[in-house]
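The following exercises concern the strands, helices and domains of one protein chain. Please attempt each task before reading its solution.

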Amino acid sequence: MRLEQLEYVRAVSEQGSLRRAGEHLHVSLPALSEAVTKLERELGVTLVDRHRSGTRINGTGQELLPRILEVLDAADRLRAAARGESQFHRPTRVGSVYFGVTSIVLPAMRGHELDHEHTSVDLRQLRHGEVRDGLRDGSLDIGLVTLLPGDDVHPDLVATELFHGRPMAVLPGDHPLAQGSTVTVDDLRQEVFVGARAGYLMHRVAHRVFGDSPPLKWHTADSADVCKQMVSSGIGVSLMPDFTLLDDPLETGGAIAFRPIDDEGTVIRLAILRRRGVRPTKAAQDLFDLLVHHGSRRVSARA
């Protein structure tokens with residue numbers, strides 16, 4: 001058994017397929033596949049399922065992944081000790097949905113309140129399910145996700161709400177609807193809509209807002225930034241959480257405008273997640289405390 005074989009399995013889990021893992025590691029697909037196969041033979045189990053559509057880690061691989069990560073972390077600590085480095089130099093691995101990155105993580109890091117001598121951050125922008133899975137398999141230390149009413153948090157995880165808000169209409173700056181102080185859902189139904197793809201929070205929010213009567217024309221994108229650019233170009237209107245829109249440069253420059261939606265009560269929560277029962281490193285705990293502090297400051301500023 002070689003450490004590189006374990007690294008390959010971790011990469012397959014994080015990247016979602018053998019092909020993407022090979023691209024990420026700059027290892028050829030045949031070499032990567034052969035190394036994983038040899039590891040499977042040595043362990044006497046199958047770690048990945050191989051199909052024509054692709055190769056992905058299976059249930060057995062997911063069960064063994066925490067042990068694999070323990071071995072890799074131990075190897076990292078050994079290397080750090082050999083270099084005379086502190087345990088605090090291991091990056092704190094943060095997985096966050098887009099709105100968590102823009103609303104909490106980046107403002108906290110810009111504030112220079114981290115002990116940068118001992119804390120570095122490995123920040124990954126992910127979808128909700130990827131954040132959850134990364135925390136459960138040990139590849140992430142901290143996760144930030146957005147939740148809607150009725151959403152459950154996996155029992156392996158503990159959630160701390162940072163703050164909550166409501167969806168806002170995002171309009172071109174010169175749009176007639178931007179002349180009023182609020183808009184209605186019926187107003188938005190008459191417009192070309194720019195929404196997120198299935199699997200993203202704002203796709204679910206849009207369906208809650210519009211119910212059984214969506215706008216007749218609906219464009220989709222996989223990035224909130226792209227959605228805002230489409231709106232600023234006059235392509236359509238969109239929806240986004242109010243807590244992400246403070247000091248947006250497109251809004252301050254007049255390219256887009258944000259308006260509350262009359263009689264719309266959808267609540268969007270931003271929460272920080274950690275794995276239950278896992279003792280964090282000091283660096284991870286310090287970063288967690290800082291993110292919670294920034295969340296409470298945002299609540300106080302909006303009050």
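Helices (H or I, at least four residues) and strands (E, at least two) are DSSP runs, numbered from the N terminus. Contact means heavy atoms within 4.5 Å, and axes are lines fitted to C-alpha atoms, for helices over the stretch in contact, with angles from 0 to 180 degrees between N-to-C directions. The model is predicted, so local features need pLDDT of at least 70 and side-chain atom pairs count only at pLDDT 80 or more, while totals for chains, interfaces and linings use all residues. Residues are numbered from 1 along each chain as its sequence is written, and side-chain values use heavy atoms, with hydrogens and water left out.

**Exercise 1. The five-stranded sheet**

Determine the strand order of the open sheet of five strands, and state which helices lie across its strands.

Solution.
- Step 1. Two strands pair if DSSP finds at least two bridges between them. The order is E4-E3-E5-E12-E6, and the pairing is mixed.
- Step 2. Strand E4 (121-125) and strand E6 (157-165) are the edges, since each pairs on one side only. On average, neighbouring strands are turned by 20° against each other, direction ignored.
- Step 3. E5 and strand E12 (residues 268-275) run antiparallel and are joined by five bridges. Leu-144 stands opposite Ile-272 in E12.
- Step 4. Helix H5 (residues 98-110) lies across E3, E4, E5, E6 and E12, at about 160° to E4. Helix H6 lies across E3, E5, E6 and E12, at about 145° to E5.

**Exercise 2. The three-stranded sheet**

Find the edge strands of the open sheet of three strands, and identify the helix that packs on it.

Solution.
- Step 1. The strand order is E10-E7-E11, with antiparallel pairing.
- Step 2. Strand E10 (238-241) and strand E11 (256-259) each pair on one side only and are therefore the edge strands. From one strand to the next, the twist averages 35°.
- Step 3. Strand E7 (residues 167-172) runs antiparallel to E11, and four bridges join the two. Val-170 stands opposite Phe-258 in E11.
- Step 4. Helix H8 (residues 201-210) packs on this sheet and touches E7 and E10; its direction makes about 110° with that of E10.

**Exercise 3. Domain 1 against domain 2**

Describe the interface of domain 1 and domain 2.

Solution.
- Step 1. Domain bounds come from an automatic or database domain assignment. The assignment gives domain 1 (3-83), domain 2 (92-164 + 269-301) and domain 3 (167-266).
- Step 2. The C-alpha centres of domain 1 and domain 2 lie 26 Å apart. Seven residues of domain 1 are in contact with five residues of domain 2.
- Step 3. Buried area is the accessible area (1.4 Å probe) that two parts lose on being put together, summed over both. Here about 430 Å² is buried, and carbon and sulfur atoms give 45% of that area. Glu-14, Pro-66 and Leu-69 lose the most area in domain 1, together 66% of what that side buries.
- Step 4. A salt bridge is a side-chain nitrogen of Lys or Arg within 4 Å of a carboxyl oxygen of Asp or Glu. The rule finds one across this interface. Arg-124 forms a salt bridge with Glu-14, with the closest N and O atoms 3.5 Å apart.
- Step 5. Helix H1 (3-15) and helix H4 (59-82) each give two or more residues to the side of domain 1 that touches domain 2. H4 gives the most, with five residues.

**Exercise 4. A salt bridge between distant positions**

Explain which parts of the chain the salt bridge of Arg-93 and Asp-141 ties together.

Solution.
- Step 1. A search of the whole structure finds 17 salt bridges. In one of them, the side chains of Arg-93 and Asp-141 meet at 3.1 Å, N to O.
- Step 2. Arg-93 lies in strand E3 (residues 92-96), and Asp-141 lies in the loop between helix H6 (128-137) and strand E5 (142-147), so the pair ties together parts that are 48 residues apart in sequence.
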